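User: I am new to this structure. Please take a close look at the paired strands of one chain, then place them in the wider model. Keep the sentences short.

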Amino acid sequence: MSELAIEVRGLRKSFGDKEAVAGIDLEIAAGSLAGLVGPNGAGKTTSLSMMTGLLRPDAGRVVINGLDVWADPAAAKAVIGVVPADARLFERLSGEETLEYAGRLRGLPATEARSRAAQLLEVLDLTADARRLVADYSTGMRKKASLGCALIHNPPVLFLDEPLEGVDPVSADAIRRLLTRIVGTGSTVLFSSHVMELVEQICDHVSIIDKGKIVATGTTEAVRDGKTLQQAFIDLVGPRSSGEEGLSWLGSSSS
Amino acid sequence: MARILVQLKLRLLLNALRSSTAARTTFFFSTFFALVVAVGGFYVLALFRGNSASVDLTTVIFTAFALGWLTLPILATGLDGTLDPATLAPYPLRTRPLAVGLLAASATGAWPAANVIALLGVTIGLAAGGLGVLVAVIAVLLQVLFCITLARLVTTSLARMLRSRRGKDLAVFLIIPIFALVELLGQVIPRAAAEGGITAASFAGVDSWLRWLPPGLAAHAIQDASTGHPGTALARLGLLAAVIIVLGWLWIRSLSRALVTADTATGSAQVRAATLPLARYGRRGAVAARFWIYQRRDPTSLVYWAMTAVIMVVVSASTIFGPHQHPGVVIASAVFGAGFVGYFHANSVGFTGPPFVVEALALTSRRSLRAYFSGQNIALGVIAVPLLTAICLGLAAAVRHPDQAVPAIAVALAGLGAALCLSNILTVTLAYPMATRTGSPMRQAAPGYASYTFGGILASLAGVAVAVTPVIIVAAVTSSDPAAIRAPVLIVCSAAYGLALVWAGVRIAAREAEDRLPELCQIAVQSTV
């Protein structure tokens with residue numbers, strides 16, 4: 001197996017009595033485009049937050065490119081880029097200022113930050129709206145600007161939480177091509193998603209999380225096991241409710 | 001409908017109580033203060049018995065309660081979840097029963113009950129005879145109903161406006177005159193009264209026009225019934241009821257519009273500058289640039305500066321307008337001004353909200369955290385130093401003691417240093433999530449964290465007061481020295497002292513933040529912008 005970019009061991013997190021992440025282990029090889037899929041409330045966002053140093057775990061270890069996130073957060077944070085589920089951006093900065101600010105915070109010289117910001121805005125189809133305040137951006141535009149912030153320092157490992165939620169098909173295609181291109185240069189991408197078709201199409205590695213535990217992980221082919229990823233997912237996670245017999249009142253033919 | 005919404009409000013209260021210790025603490029504080037208002041209000045109104053100006057004073061207090069109902073939801077409390085038209089819009093509800101339900105929900109809780117109890121003090125203070133007491137009870141109930149309907153009308157209209165960014169931006173500026181009015185009622189008038197500048201007789205003129213406003217109608221109806229004019233009393237109560245019906249009708253119209261109107265303003269703003277300023281100054285410059293832009297573009301930040309100015313003027317107001325001269329009050333203005341600059345920025349993580357995560361991801365070392373806090377202080381200092389200096393000069397001229405400007409500016413500079421030092425430390429140690437509640441344009445402590453706000457005000461004001469004490473002592477001791485030498489030495493030394501405090505604050509805050517960044521991120525994520 002090639003060198004590991006992301007290595008997670010025994011990661012746990014509880015909120016009060018609820019165990020959100022119940023000890024997950026994960027290994028993602030460098031240069032992978034990996035998907036993390038799971039039903040709502042399975043622990044995807046909590047896991048990604050702990051992997052990126054934004055949420056302190058109760059137990060466990062996360063190593064990114066050989067750097068322990070919780071023993072040496074400074075070094076680990078320098079090699080990652082993060083796109084959170086709810087694009088967290090400065091509402092009163094323009095798109096252009098937002099990307100430049102992210103670059104300068106990451107220690108890039110101002111001229112380099114500006115130049116990279118302009119190129120990213122171009123690729124993300126935001127140039128026409130570069131001088132508009134982020135407060136006036138749509139959900140998809142925010143997602144794209146957030147991706148620009150995560151990429152501006154050229155991180156070798158990228159984490160994305162639901163990167164295509166609320167993004168139109170044209171922009172989604174642009175993001176997909178961008179992610180494939182990043183991975184082609186040897187960087188690693190781990191993203192969570194509900195869209196099985198997307199994960200099946202572009203990911204070479206997939207992990208399924210349910211009730212805070214990884215229930216399947218490996219190459220996409222291995223996890224699918226000859227079925228569609230959607231079917232494999234439902235087989236592993238199981239239907240969420242027992243049946244519809246209690247809904248006899250529902251439907252136009254009922255009174 | 002009324003039952004469902006009242007039950008919903010009670011359920012929300014209970015759930016909030018169960019959610020956290022902070023929420024319980026806030027609830028108990030709020031209930032305690034409601035009790036104090038109930039007992040205190042009742043006592044004060046009852047004290048007016050036998051006073052020749054009792055009806056005038058009662059009118060003023062009734063008006064003050066109405067103003068409280070009008071302004072507090074906008075300034076501090078917002079609306080509760082049961083009263084937001086947006087949450088009810090998807091349900092097939094007819095507007096009239098919905099309005100009755102919302103009114104009943106508004107009347108549920110400790111504060112409406114405290115209002116009724118407090119105002120019932122008129123049954124002792126103003127009412128006389130059986131008919132007088134009966135009219136007093138009806139007048140109090142109508143007065144509280146008037147307050148609730150008025151507050152709902154204003155907040156429902158605002159809630160509609162607050163759904164767009166531009167509407168929010170405009171609404172925030174409403175805070176400035178409201179805040180100035182509240183400060184005038186809460187600070188200037190009581191202090192002037194305590195100094196003898198305002199007596200019971202001063203309200204005689206005020207009453208001549210206040211009596212025609214709804215709270216005045218309620219108060220005068222009680223007096224009419226108690227002095228043998230039941231017909232006039234009934235006419236006044238009828239007029240008050242008619243006002244309530246008109247307000248209710250306007251509210252129902254506003255509510256039905258609010259249920260189907262998305263927002264009041266569209267369009268988007270373009271920025272002129274293509275790049276961030278302070279390009280040569282690395283991370284510190286980037287953070288200073290971001291904070292500087294926010295001070296200009298974020299209406300809440302602009303309002304904070306305006307509030308600081310209002311507070312400074314209010315502290316000196318009794319000397320400017322009153323009969324007694326206390327020139328030292330300009331120094332007190334400087335202390336309060338600096339203290340509030342510290343408080344307004346003492347929860348910078350919660351105030352920044354979720355975008356703080358972008359910053360936290362890049363703050364990888366103690367050094368970068370120092371750059372973060374000092375960048376923030378540079379942006380605030382660039383505004384605060386000239387603002388406080390100018391106000392101190394203005395106030396010293398207004399109290400006709402220009403010589404007070406020098407010690408006041410010295411205190412302001414040292415105080416600002418202490419304020420920024422404390423705001424950095426409190427940002428890390430007393431961080432709490434903030435939220436924009438329905439019906440209020442301002443961001444406030446998220447539900448359950450109001451006690452943190454009081455902690456922030458107390459720590460900032462007390463800390464600044466303690467830190468500037470040496471400057472005040474030195475200013476007093478050197479007051480007879482030649483001004484040409486004293487003024488520059490005092491100002492330069494105070495500024496240096498202030499800078500030393502800022503330097504210490506940045507170092508302490510950075511050291512503490514290094515270990516707490518994940519926790520600070522969680523607080524930021526819980527905030528809403």
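Analyst: **Strands of chain A and their surroundings**

Glu7(A) has Glu27(A) as its bridge partner in β2(A). Strands here are DSSP E runs of at least two residues, and helices are H or I runs of at least four; both are numbered from the N terminus. This is a predicted model: local features need pLDDT of at least 70, side-chain atom pairs count only at pLDDT 80 or more, and totals for chains, interfaces and linings use all residues. Residues are numbered from 1 along each chain as its sequence is written, while chains are lettered from A and ligands numbered from 1 in the order in which they are written.

The Glu7(A) pair belongs to a ladder. Strand β1 (residues 4-15) of chain A and strand β2 (residues 18-29) of chain A run antiparallel, joined by 9 bridges. Another rung sets Leu4(A) opposite Ala29(A) in β2(A). The two strands make a hairpin, with 2 residues between them. Gly16(A) sits in that turn and has a positive phi of about 65 degrees.

The hairpin is part of an open sheet. Its 4 strands have the order β2-β1-β4-β5 (chain A), with antiparallel pairing. Two strands count as paired if DSSP finds at least two bridges between them. β2 and β5 (67-68) of chain A are the edges, and each has a single partner strand, so one side of each has no neighbour in the sheet.

What lies across β1, β2 and β4 of chain A? Helix α1(A) does, running at about 120 degrees to β1(A). Angles here are taken between N-to-C directions, from 0 to 180 degrees, and axes are lines fitted to C-alpha atoms, for helices over the stretch in contact. Contact itself means that the C-beta atoms of two residues, placed from the backbone, lie within 7 Å.

α1 (residues 44-51) of chain A also lies across β3 (33-37), β7, β8 and β9 (205-210) of chain A. There it runs at about 150 degrees to β7(A). Those strands lead to another open sheet. Its 6 strands come in the order β6-β7-β8-β3-β9-β10 (chain A), and the pairing is mixed. β6 (80-83) and β10 (213-219) of chain A are the edge strands, each pairing on one side only. Direction ignored, neighbouring strands are turned by 15 degrees against each other on average.

One pair in this sheet runs parallel: strand β7 (residues 157-161) and strand β8 (residues 188-193) of chain A share 5 bridges. Phe159(A) has Leu190(A) as its bridge partner in β8(A).

Now the helices of chain A. Two packed helices are described by the angle between their axes and the distance between the axes. Helix α3 (residues 95-105) and helix α4 (residues 110-123) of chain A pack at about 130 degrees, with axes 8 Å apart. α3(A) and α4(A) are therefore oblique to each other. On this scale, under 35 degrees is roughly parallel, over 145 roughly antiparallel, 65 to 115 roughly perpendicular, and the rest oblique. The crossing of α3(A) and α4(A) is right-handed. That means the near helix is turned clockwise from the far one by less than a right angle; anticlockwise would be left-handed. Residues of α3(A) in this contact include Leu99(A) and Glu100(A), and those of α4(A) include Arg114(A) and Leu120(A). By class, the contact has 6 nonpolar, 2 polar and 5 charged residues. Nonpolar covers Ala, Val, Leu, Ile, Met, Phe, Trp, Tyr, Cys and Pro; charged covers Asp, Glu, Lys and Arg; the others, Gly among them, are polar.

Chain A also meets chain B. The contact takes 34 residues from chain A and 29 residues from chain B. On the chain B side, α14 (282-297), α18 (356-362) and α22 (483-526) each supply at least two residues. α14(B) gives the most, with 6 residues. The side of chain B that touches chain A has 17 nonpolar, 6 polar and 6 charged residues.

Last, confidence. pLDDT is the predictor's confidence in each residue, from 0 to 100. Chain A has a mean of 90, with 96% of its residues at 70 or more. Among its elements, strand β4 (residues 59-64) has the highest mean (96) and helix α7 (residues 196-202) the lowest (87). Chain B averages 85, and 88% of its residues score at least 70. The model scores ipTM 0.89 and pTM 0.79.
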